[in-house]
Amino acid sequence: MTVTPAPKRVFDPMMPRTGQYRPIADTEDQTFSDWLQRQLDEILSLSETPPRCPHCQSDGAVLFARAAHPKPILPVFRCLSCDVHFRRTTGTPLSGLKFVNLSQFVRLLSQQRPVTEAAAILGVKPLTVTRWIKRMRQWILHLDPTGHWEARVRLGMEIRPDLACPRCGVTDRMHYRGFAAETGDRRYHCDACRHTCRLSDVLRDQAPGFVLEHRVVARPPSPRRKT
Ligand SMILES: [Zn+2]
Ligand SMILES: [Zn+2]
């Protein structure tokens with residue numbers, strides 16, 4: 001039996017961690033956005049054709065209430081077998097979420113960009129964006145358990161180079177910090193020995209065929225963070 005390796009999340013080390021000193025380039029993964037938007041159009045559809053009941057899986061559901069202003073936002077169905085009311089989002093991680101600027105959020109989701117920036121673009125709180133990302137990732141994994149599409153989500157993920165410090169050898173304390181003024185080289189800093197070096201110098205010392213991997217750090221970057 002062959003084991004399929006988990007899909008890799010790919011990051012660009014040259015992207016600034018915050019938009020504080022230089023603007024963050026648009027890194028939208030258009031294929032991902034198109035795919036996700038199609039899935040969302042389906043689940044958030046106003047179609048009154050009853051879907052399968054999420055509770056008993058029977059096909060015997062009928063329209064209970066059509067979408068109207070201000071409520072319900074989505075059509076409500078009633079299952080004739082188990083007498084439960086539901087929407088297409090019922091039982092999914094998207095249940096109960098109220099999205100603002102959803103198509104813009106979809107375009108941001110694949111981008112290597114901090115939550116604070118996305119929140120400013122969307123006009124919502126950073127905490128809201130964090131919740132949307134979390135639920136969206138759960139839903140994407142539910143739609144595609146191989147993880148192929150979920151691995152394309154990069155919004156709000158701070159990365160660290162998966163390299164050992166060339167001076168002290170510690171492996172998990174390196175993080176990106178700024179760019180060299182003269183050359184634009186990516187610089188990184190070791191928290192363990194306080195050594196700062198250039199990414200290009202470290203990459204030069206690696207064996208041929210070396211591929212730089214990144215680890216995702218749980219805490220998203222914040223411009224207010226102390227360094
Ligand atoms: Zn049912
Ligand atoms: Zn070090």
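The following questions and answers concern the domains, helix packing and nonpolar cores of a predicted model.

User: What distance separates the centres of domain 1 and domain 2?

Analyst: The protein chain is divided into domain 1, comprising 30-40 and 94-152, and domain 2, comprising 163-211. Taken over C-alpha atoms, the centres of these two domains are separated by 31 Å.

User: At what angle do helix 1 and helix 2 pack?

Analyst: Helix 1 covers residues 30-43 and helix 2 covers residues 102-109, with their axes 9 Å apart. Their crossing is right-handed. Helix 1 contributes Ser33, Leu36, Gln37 and Leu40 to the contact, while helix 2 contributes Leu102, Ser103, Val106, Arg107 and Leu109. The angle of packing is about 145°.

User: Which helix gives the most to the largest nonpolar core?

Analyst: This core has 18 residues, and Leu109, Ile133, Met136 and Leu155 touch the most other members. Helix 1, helix 2, helix 3 and helix 4 each supply at least two residues. With six residues, the greatest contribution comes from helix 4.

User: Which residues of helix 3 are buried?

Analyst: Helix 3 spans residues 115-122, and Gly123, with a positive phi near 75°, follows this helix. The cover over its buried residues includes helix 2 and helix 4. The buried residues are Val115, Thr116, Glu117 and Ala118.

User: Which residues does Leu155 contact, leaving aside its neighbours within four places in sequence?

Analyst: Leu155 is one of the residues touching the most other members of the largest nonpolar core. Beyond its neighbours within four places in sequence, Leu155 is in contact with Leu108, Leu109, Gln111, Arg113, Ala118 and Ile133.

Technical notes: Residues are numbered from 1 along each chain as its sequence is written. Chains are lettered from A and ligands numbered from 1 in the order in which they are written. This is a predicted model: local features need pLDDT of at least 70, side-chain atom pairs count only at pLDDT 80 or more; totals for chains, interfaces and linings use all residues. Axes are lines fitted to C-alpha atoms, for helices over the stretch in contact, and angles run from 0 to 180 degrees between N-to-C directions. Helices (H or I, at least four residues) and strands (E, at least two) are DSSP runs, numbered from the N terminus. A crossing is left-handed if the near helix is turned anticlockwise from the far one by less than a right angle, and right-handed if clockwise. Two residues are in contact if their C-beta atoms, placed from the backbone, lie within 7 Å. Domain bounds come from an automatic or database domain assignment. A residue is buried if 20 or more other C-beta atoms lie within 10 Å of its own, exposed if 12 or fewer, and partly exposed in between; C-beta atoms are placed from the backbone. A nonpolar core is a set of buried Ala, Val, Leu, Ile, Met, Phe, Trp, Tyr and Cys residues joined through C-beta atoms within 7 Å.
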